[in-house]
Amino acid sequence: MNKLIEKALNEQISMEAQAHYLYLSIASFYEVQGMEGVATFFYDQSAEEQMHMMKIFRYINEMDGHAIVPAVPKPNAEFEDILSTFKLVYEHEKRVTLSINNIVELSTKEKDHGTYNFLQWYVQEQREEESLMRTIIDKIKLIGIGPQSMYFIDREIKEINALKNQTPQ
Ligand SMILES: [Fe+2]
Ligand SMILES: [Fe+2]
């Protein structure tokens, strides 16, 4: 496997692992506050990020590279209001998209068509995740973030969870 690609993919493993941990921490923070819908949403997101990580992990070794288990820094355990939390997640997803796009570019430059093809799934996934986060942020803005709104926000997220479980991944 091309060494530059291998290094970039190993860095991507680290990014997916960080997202996996961050979303797990957010899930826990909202679970202890009784926001079941938000907690479930982030437990699911966290599991998806681990799956993203593993797909790259297995791909590297399949291509005769060496996948490296990354060190993951401890994420924050406390978060600000719900709008800030989703904005934080949206920013994180945008950084992931940028990183994926850079590896797509690198794979073109290095004429690694296999990796280019492999990454198309991630390109699509990032488009969907960014769009989902924008939808949720817009909803939260409509509802507002006062103390009485938490119930309604949680209910909206529960509906999104139900929809997500209907569509095959
Ligand atoms: Fe991801
Ligand atoms: Fe993601």
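In this predicted model, Glu49 and His52 sit about one helical turn apart, because they are three residues from each other in helix α2 (residues 36-62). Both side chains are tucked away from solvent: Glu49 counts as buried at 2% relative accessibility, and His52 is buried too, with a relative accessible area of 0%.

The two residues meet again at the metal. Together with Glu16 (OE), they coordinate the iron ion (ligand 1), Glu49 through OE and His52 through ND1, at 2.1 Å. Read along the chain, the donors of this ion follow the spacing E-x32-E-x2-H. Glu49 does double duty here, as it coordinates both the iron ion (ligand 1) and the iron ion (ligand 2), which are 3.3 Å apart.

Now for the rings. The count of aromatic pairs comes to ten. Take Phe42 and Phe86: the ring centres are 5.2 Å apart and the planes are at 45°, so this pair is tilted, since neither the under 30 degrees of a stacked pair nor the over 60 of an edge-to-face one applies. The pair ties together distant parts of the chain, with Phe42 in helix α2 and Phe86 in helix α3 (residues 82-109), 44 residues apart. Phe42 and Phe86 are buried, and ring pairs link them with Tyr23 and Phe41 into a cluster.

Trp121 and Tyr122 make an edge-to-face pair, at 4.9 Å centre to centre and 80° between the planes. Their exposure splits: Trp121 is partly exposed at 31% relative accessibility, whereas Tyr122 is buried at 1%. Trp121 also has a charged partner, Lys55, which lies over the ring face at 4.1 Å from the ring centre.

Key:
Residues are numbered from 1 along each chain as its sequence is written. Chains are lettered from A and ligands numbered from 1 in the order in which they are written. This is a predicted model: local features need pLDDT of at least 70, side-chain atom pairs count only at pLDDT 80 or more; totals for chains, interfaces and linings use all residues. Side-chain values use heavy atoms; hydrogens and water are left out. Donors are N, O and S atoms within 2.8 Å of the metal (3.2 Å for Na, K and Ca); water is not among the atoms, so sites may look incomplete. Helices (H or I, at least four residues) and strands (E, at least two) are DSSP runs, numbered from the N terminus. Buried means under 20% relative accessible area, exposed over 50%, partly exposed in between (1.4 Å probe, protein chains only). Rings of Phe, Tyr and Trp (its six-membered ring) pair if their centres lie within 6.5 Å; planes under 30 degrees apart count as stacked, over 60 as edge-to-face and the rest as tilted. A charge sits over a ring if NZ of Lys or CZ of Arg is within 6 Å of the ring centre and within 35 degrees of the ring normal.
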